[in-house]
Amino acid sequence: MRTSRPRNRGAVTTTGRPLPSTATGTVAQLADFRALCSRRTGLDLSGPADLHAFSVQQPEVFWRALLDWSGVPWSGSADRVLLGDQVETARFFPDLRLNHAEVLLRRLPGVDDDAPALTAVHADRPREVFSRRALREAVERTATALAAGGLTVGDRVVLVSPNTALAAVAALAVTALGATLSTAAPDMGAPALLDRFEQVDPVLLVVDRTGTPPDVVARLVRGLPTLRRVLLLDGEPLPEDRPVPMAPLVGVVEAHGQDATAQWPRVPFDDPLFVMFSSGTTGRPKAIVHGVGGTLLEHLKEHRLHGDLRPGDTLYFHTTTAWMMWHWQLSALAAGAHVVVFDGPVAGAETLWRLVGDHGVTVFGTSPAHLQLCQDAGYRPVEDVDLSRLRTVMSTGAVLHDWQFDWVGGAVGPVPVQSISGGTDIIGCFVLGSPETAVRRGRCQARSLGLDVAAVDGSGRELVGRVGDLVCRRPFPSRPVGFLRDPDGSRFHATYFAEHPGMWTHGDLVDFDVDGTARLHGRSDGVLNVNGIRVGPTEVYSALRGVPQVADAMAVEQRDPHVPGSSRMVLLVVLRPGSVLDGDLDRTIRRTLRTEASAAHVPSLVVAVPELPHTHNGKRSETAARDALNGVAVPNARALRNPGILETIRAAVAAASGGADDEQPSPAGLPPAGPVTDAVTLDRLARIWCEVLGLGEAGPDDDLSDLGGTSRQSVRLLRRVSLELGVDVPMSAFAARPTLRGLATAVGAGRVAGVVRVPLLRPGVGAPVHVVADLYGQLHSYHRLVESLTTERPVHGLVPPVVDAGGARRAVAEVVEDTLSLLRTARPRGPYRLLGYSFGGLVAYEVAARLREAGETVAYLGLLDVRPPRASLTPGEVVAQKAASTARKLRVLLSRRGPAVVRARLDLRRSGSVSPEEQVVARTWPVFNGHRLSRCDAAVTYYLARQRLPVVGNTLGAWRRAAPNLLVLEVPGGHFDLLDQDRIGELAARVSATLT
């Protein structure tokens, strides 16, 4: 284990008074800049609020001072700083000319030109290190080659690549020539790329085919008629079909030798530099044009004044080429910093932190999702890697919660956590950090200098201490130049200036405190965040253009009524006259979204509705639909021209969520009825399939993944088959052919084979691990865990009967005896290794206790969040457990989703229906709680499921009394989603590491 060396305590922390210092002990650059502004104005700017007020009240002085202080090379005149006072139309430095690559790569006074400037880290090959001199020369040679191929000022280039050094060199070479660049990540499908790049009209495509779908280059070439050339960044062979000239970029550069001859022109301040794209809430992604000067000044300000980035710093920001933070990180070169890029996968919580330690990163940029992953995994970077150089952690991409600040303080160390927020629209930040202001947990430290940012109500009045719309009230240089294909600026105006006239409206909800700190409260538009995955609805709508039956659609995020704490995507579709949402169309929609976008774009539910909610000015309202589906009062109902549609939508979704009609006909094309798969069985399988997947009709060869099916739904599907048909289909058999036809075949085979009580779940060598079946008497829920274990040992299941001949639940002791008998028959002598989840864990524990009583060796006993039976709790623990349960129910009822929960419970009570799974749980609970734990002296590893927020009443006292050698390890998730696919990686890693 590596241990961090003591860090310099001069860094600002989350407590104590603010200090105008950095981790290096040098005076923050902000102090030097403040002194310059004070000399020029004669004002006392000693306080952060004073400096910000000056920056927005005297913009000409502030931005000219920043230009002079930064030392960037420019030509022309800087006398005219600002023309106009309207945010929408004002222009900065109309007579100034700059070159983006020149600013980033110029020789800096006092900076070693041979010091590292760019390091590219790869998962599968050695790193690449470029000094400042070497990087500049590589860009010069590449720019020469591109110029020789005809690239010039005003041309547009699109780049599709992972986050590599070659991508950075190509990008800088493009901007060096005054051309305009648009970038994207290689995992995007061709339709999504074309939705963006068609608007750019590029002359050159630069692409790294690593990670791209096989046909993406061909589809891009066919769909981009303005292309004159394609340059490849990878080493794969050239395709045989080449409608336009194609060549490897490296070869093209080498063909022009080592001399750089192309001139790097300085272009006007507002000349297009980057074209970036919005996520989109309606229509296709907007092509946002960012100017050279505004981008450079904003990034220089953020890096040097707010981040105090300087020579000697090493920056790593986890990003892809599809995100504005990729462009932002490259701009750190202008501050003389060393930039690290990484194109590998995040294999676990430790991946990025080890990169930080291995490369001496001083400023680490990440996201709330990544920090939560680390926290849920119980990972403590300070105990694993050398973080002695780290002085700042930045986070963006979503709201950073209070407890995540606390986690960094405890698991990383006393470094400031800077929550920054802005976005693609301004290629920068509205709120961010400060080297001289203390961090308040849960809040962004400061408004961005020069940006008059505020929270306002619907009438445009400023709010302090209350949530409002995030706006900017005065001109700022990084405001986009405009949109492509928007000649009169009407789309640009409607996007940012229609809601609050005279102000830039960003689309975020925010509150500002009197001290200037801010807290973000999420988006006010329709961007979806489905279980941590951000999905732009535009991607959904673009893909659906290929489905002729769909006239209109709206993707809405809904709290999942079946999975507490989770969310799902509901797709509302308006069909063309004569079309019906039957099983065929439902499958077509799902398949289209999966192939044309990604699996994340496949909805959980597709529902036909007569129309979508619209405002009086014709704007669709995803927010109103979302609130209606979540049982929340719709605040803008009066602004809708058709408010009555909300109840129609709610009723349609509720009806669709209830499952398929019992009288639904069986699907055609299944195996013919016979002694194994009779007609009744086929009907019952089709009904179960539709109910679990939320479908109206089942196709025999519909693949579960094409339908958006999840690992949890696979488990539910096979569980229902076992409970209702009495056939236990192995998950491996279903996974090999995950269709209704395949399931019917597997059921027939299962009836012939009968119940296998000690199945082999995974082959291996050495003494086996035995996994005990769950309360349903099944092993399906363990499938992903067993697959993900890294042990070489074989894994077997133990499947004792859990009900008697009459269907009554057997006592725990009876199940234990049968399990012990199965184990001894399969393996007469130890040592034994047992693993179990919930009820299966209780049985595994009691089997281990009996083995120890008999003098056997239990080398490993793993309990996956096994709650102690109530009979083993003290009276005080029972009271605490009941109180915690009551408190949880009250929190739900008093939350925003409380009304929806109440309605769901009333609907369930009126219907009188209880699912087969719920019936089993209800019958098992008294049997489970009536059992009293035996004493067991074996070493017990208890994997404790940890919710995002602390869980009250998860009593371990009973386990500690019964098992004195108890080791508790926290794992991500809650009790009911512990074995879900999105959490299984970390759990499997923990089990593998502790499995002896």
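1. Start with the charge over the ring at R809: its charged end sits over F839, 5.9 Å from the ring centre. R447 does something similar at F512, lying over the face of that ring at 4.0 Å from its centre. Keep in mind throughout that this is a predicted model.

2. A few overall numbers for orientation. The protein chain holds 31 helices and 40 strands. Of its 996 residues, 57% are buried. Take the contacts with a separation of 6 or more: 72% of them come from residues 24 or more positions apart.

3. On to the aromatic pairs, of which the count is 26. One to look at is F430 with F476, an edge-to-face pair with 5.8 Å centre to centre and 75° between the planes. This pair ties together distant parts of the chain, 46 residues apart: F430 belongs to strand 21 (residues 428-432), while F476 is in the loop between strand 25 (468-472) and strand 26 (482-483). Are these two rings buried or exposed? F430 has a relative accessible area of 0%, so it is buried. F476 comes out at 2%, and because the cut-off for buried is under 20%, F476 counts as buried too.

4. Y496 and F497 make another pair worth a click. Their ring centres are 6.4 Å apart with the planes at 75°, so this pair is edge-to-face. Both residues are buried. Zoom out a little and you'll find a cluster linked by ring pairs, made up of F430, F476, F483, F492, Y496, F497 and W504.

5. W504 turns up again in the nonpolar packing. The largest nonpolar core has 114 residues, and F93 and W504 are the ones with the most contacts inside it. Which helix gives the most to this core? That would be helix 6 (residues 165-176), with ten residues. As for F93, leaving aside residues up to four places away in sequence, it touches W63, R64, L67, A78, R80, V81, F269 and L297. There is also a second, separate core of 42 residues, with V920, L944, W959 and A962 among them.

6. Now a sheet: three strands, open, in the order 1-4-12, with antiparallel pairing. Strand 1 (75-76) and strand 12 (267-268) are at the edges; each has a single partner strand, so one side of each has no neighbour in the sheet. Strand 1 and strand 4 (residues 96-98) run antiparallel and are joined by two bridges. If you want a spot to check the register, S75 stands opposite R97 in strand 4.

7. Another open sheet of three strands has the order 31-32-33, this time with mixed pairing. Its edge strands are strand 31 (550-559) and strand 33 (605-608), each pairing on one side only. Neighbouring strands here are turned by 25° against each other on average, direction ignored. Strand 32 (residues 567-575) and strand 33 run parallel, with four bridges between them. Which residue is the bridge partner of L571 in strand 33? It's V606. Helix 18 (residues 622-629) lies across strand 31 and strand 32, and runs at about 50° to strand 31.

8. Helix 8 (residues 216-223) is a good place to look at how a helix is covered. Its buried residues are V216, V217, L220, V221 and G223. In an α-helix there are 3.6 residues a turn, so residues three or four places apart point the same way. What covers the buried residues of helix 8? The cover includes strand 7 (156-160), helix 7 (190-197), strand 9 (204-207), strand 10 (229-232) and strand 11 (246-248).

9. Last, have a look at N929, which lies in helix 29 (residues 916-929). Is N929 buried or exposed? Its relative accessibility is 11%, so N929 counts as buried. Not counting residues up to four places away in sequence, N929 touches P869, R870 and A871. S872 is 57 residues from N929 along the chain, and their C-alpha atoms are separated by 8.3 Å.

Note on methods
Residues are numbered from 1 along each chain as its sequence is written. This is a predicted model: local features need pLDDT of at least 70, side-chain atom pairs count only at pLDDT 80 or more; totals for chains, interfaces and linings use all residues. Side-chain values use heavy atoms; hydrogens and water are left out. Two strands pair if DSSP finds at least two bridges between them. Axes are lines fitted to C-alpha atoms, for helices over the stretch in contact, and angles run from 0 to 180 degrees between N-to-C directions. Contact means heavy atoms within 4.5 Å. Rings of Phe, Tyr and Trp (its six-membered ring) pair if their centres lie within 6.5 Å; planes under 30 degrees apart count as stacked, over 60 as edge-to-face and the rest as tilted. Buried means under 20% relative accessible area, exposed over 50%, partly exposed in between (1.4 Å probe, protein chains only). A charge sits over a ring if NZ of Lys or CZ of Arg is within 6 Å of the ring centre and within 35 degrees of the ring normal. A nonpolar core is a set of buried Ala, Val, Leu, Ile, Met, Phe, Trp, Tyr and Cys residues joined through side-chain atoms within 4.5 Å.
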